Amino acid sequence: MTEKILGLIPVDWRFELTSLPYVRKIIKSRWMPFLPIVLNLSVFTVILMAGFVGGVSAGNYNFGIMFVWIVWWLLLMMVMVPFFSRVWCMICPLPAFGEWLQRLGFMKVRNKLFGLNKKWPKALKNMWLVNFLFLGTTYTTGFLTTRPIATFILLMSIIIGSIVLMAVFEKRNFCKYIGCPVGGFLGLYSNIAVTEIRAKDPQICKDHKHKDCVIGNEKGHACPWMILPFDIGRNTYCGMCLECFKTCPYDNMAINLRPPATDLLVDKNRGLDEAWKAFIMLGIAIFFFLIMQGNMGFLKDWANATTTEGYLTFVALHSIFNLLLIPGVFFVFVYASRTLGNKEIPLKKLFTNFSYTLVPMGLIAWIAFSFGILFPNSSYVLHVISDPFAWGWDLFGTSHFPWTPFLTGVMPYFQIGTLLFGLVLSLDIGFKISKQTFQKRDQAVRGFIPIAAFLTVVTIFLIWLFTG
Amino acid sequence: MKIDKLIIGIIILALLVGLPLILAQPEEPKEKTIIINAKQFSYTPDTVEVNRGDRVTIRLISTDVHHGLYIDGYEVSTDARPGQDGSLTFVANNTGKFVMRCSVTCGPFHPYMIGYLKVKPDYRLFGSIWLAVGIFICSILLVSRRQKQ
């Protein structure tokens, strides 16, 4: 019998969005994703200018800060990742210069890429580097989200870094393994997304010996993300660049609607790098809440580097909490799961497999956290779109719109509802993973209890932290 | 049979949610005056606790720059400059935790200048926790029941 997500939607249910002729036509056009990238680039040009002009002024009235850390971040966490997988990577303008340099053009197909085209070391083909890169970036959150110039420096570093590193390493190694701070969690959390790119009929790909999607042809580039488009098990490393739609001579690629979180049930290529990504993301959501929406002034002073000792204490605590404490507590529950379930199952396998239950929990925690940004602060956006550089402009007549929090009275109910839904989804995925891991159902039930307890405790903690 | 179990499940869940509401014993309403000192980027005290029905007056004192204080859910606000205090009064009819935020741009960390108003008893928190516990119990019962079948 086919399993169902939340007991409602069969895991293998799919609706092919690209079966709609006009959708397929748009996807196959070389204007896609070039055009959205260019449009996005124009917005990011304003963001960069506003960041540079804004300097160290207060960020709440700066276009760069507001559009990156409110508009972009909220869209990313609340809309793009859960609904459209890595669609941000499709339209991200930051590595565009590096890619255009590799291709020596904007839209034309050139499969012999410019640059050194070095291979990325096999030992580093995982999320460890981006785990540390993202964690390192969050050390500066006190500056990034409050000082326009810090956001400018971060974005320019990514642009310049991508140009240099994409001239050295082939294709999208920069986005995948090296330089994008958010690439890791976009990959992991896109496993929850309700959309996917997959081959329509795997047998067609199997019979087709000349893999155009892998080596490219005159209609499109070889997969820039260096995956096998005919064998995408999970969304993790598919950057949704749409090249495989162009290269496939059989029109065998599809964008599907599907139930949420199905990739988390794929028992293939799971690893500790992704486990730690899940821990780090959950921990950062908690720390960000304490800094941005918490009441502890001393923690804000630490993150704001009011004193060097305070800042170093913040970095140390932040690192220990994310890298050691959360995995350590989780390990205790996994150990209990093994004791109750089956002591012959390797502890590492259990630890890795069950860590994927934290993926829905983590994303939901971020969504709940994001409500706390959206409702109180989004009115600033109306101000900055009218006066993006604080030069006294009033483009849309909203530059004097006062700070107006909305729905903050009912915000906790949104947060609680979201967190409880996250618990239900995590428990559902958790038991399915337990069945996969323990094989025998009675063992799976016993082994599931401590993991379910952990997920419940984390949810209660988050409810208390956010609303209690 | 299935419907019976569903009804029993709903009753258990409702009891779990209702338990803290039954146990909660609210105190008699009082008049409370609270002095809050504001400085970049925190309030002292950072948490104000009152009981439902209390008539609360907050006096806001700024010790450095122009600050404000806005209370989520109650939608009341005041502001203060050094030497020029602010004040607001309200009846704490809504229970739970409410964020007190600075409403006047006071520096880089201004959006993060936050304190909490806690109006007890916090039914919302108790109810949510019991709901989470109920979901946990239901999930264990559900997977165990399927095992027996």
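**Exercise 1. Strand β9 of chain B**

Determine how far strand β9 (residues 114-120) of chain B is covered, and which strands it bridges to.

*Solution.* Start with burial. Strand β9 of chain B is mostly covered, as five of its seven residues are buried; buried means under 20% relative accessible area, exposed over 50%, partly exposed in between (1.4 Å probe, protein chains only). Strands here are DSSP runs (E, at least two residues), helices likewise (H or I, at least four), numbered from the N terminus.

The model is predicted: local features need pLDDT of at least 70, side-chain atom pairs count only at pLDDT 80 or more, and totals for chains, interfaces and linings use all residues. Residues are numbered from 1 along each chain as its sequence is written, chains are lettered from A and ligands numbered from 1 in written order, and side-chain values use heavy atoms, without hydrogens and water.

Next, the bridges. Strand β3 (residues 47-51) of chain B runs parallel to β9(B), with five bridges. In this pair, B:Glu49 stands opposite B:Lys118. Strand β8 (residues 96-101) of chain B runs antiparallel to β9(B), with six bridges. Here B:Lys97 has B:Lys118 as its bridge partner.

**Exercise 2. The four-stranded sheet of chain B**

Give the strand order and the edges of the open four-stranded sheet in chain B.

*Solution.* The order is β2-β1-β4-β7, and the pairing is mixed. Two strands pair if DSSP finds at least two bridges between them. At the edges stand β2 (42-44) and β7 (86-91) of chain B; each has a single partner strand, so one side of each lacks a neighbour in the sheet. From one strand to the next, the twist averages 25 degrees.

Now take one pair. Strand β1 (residues 31-39) of chain B and β2(B) run antiparallel and share three bridges. B:Ala38 stands opposite B:Tyr43 of β2(B).

**Exercise 3. Chain B as a whole**

Summarise the layout, burial and surface of chain B.

*Solution.* Chain B has two helices and nine strands. Their pattern along the sequence is α-β-β-β-β-β-β-β-β-β-α. Of its 149 residues, 46% count as buried. Chain B exposes about 7600 Å², and carbon and sulfur atoms supply 60% of it; the areas come from the Shrake-Rupley method with a 1.4 Å probe, where for residues only the protein chains shown count as cover.

**Exercise 4. A helix pair in chain A**

Classify the packing of helices α18 (residues 358-377) and α20 (residues 411-438) of chain A.

*Solution.* The axes come within 8 Å and cross at roughly 170 degrees. Axes are lines fitted to C-alpha atoms, for helices over the stretch in contact, and angles run from 0 to 180 degrees between N-to-C directions. Angles over 145 degrees count as roughly antiparallel, under 35 as roughly parallel, 65 to 115 as roughly perpendicular and the rest as oblique. Therefore α18(A) and α20(A) are roughly antiparallel.

Contact (heavy atoms within 4.5 Å) involves residues including A:Phe371 and A:Phe375 of α18(A), and A:Phe414 and A:Phe421 of α20(A). By class, the contact has 15 nonpolar, five polar and no charged residues. Nonpolar covers Ala, Val, Leu, Ile, Met, Phe, Trp, Tyr, Cys and Pro; charged covers Asp, Glu, Lys and Arg; the others, Gly among them, are polar.

**Exercise 5. A:Phe401**

Locate A:Phe401 and describe its surroundings.

*Solution.* A:Phe401 lies in the loop between α19 (379-386) and α20 of chain A. A:Phe401 is partly exposed, at 33% relative accessible area. Beyond its neighbours within four places in sequence, A:Phe401 contacts A:Ser379, A:Leu382 and A:His383.
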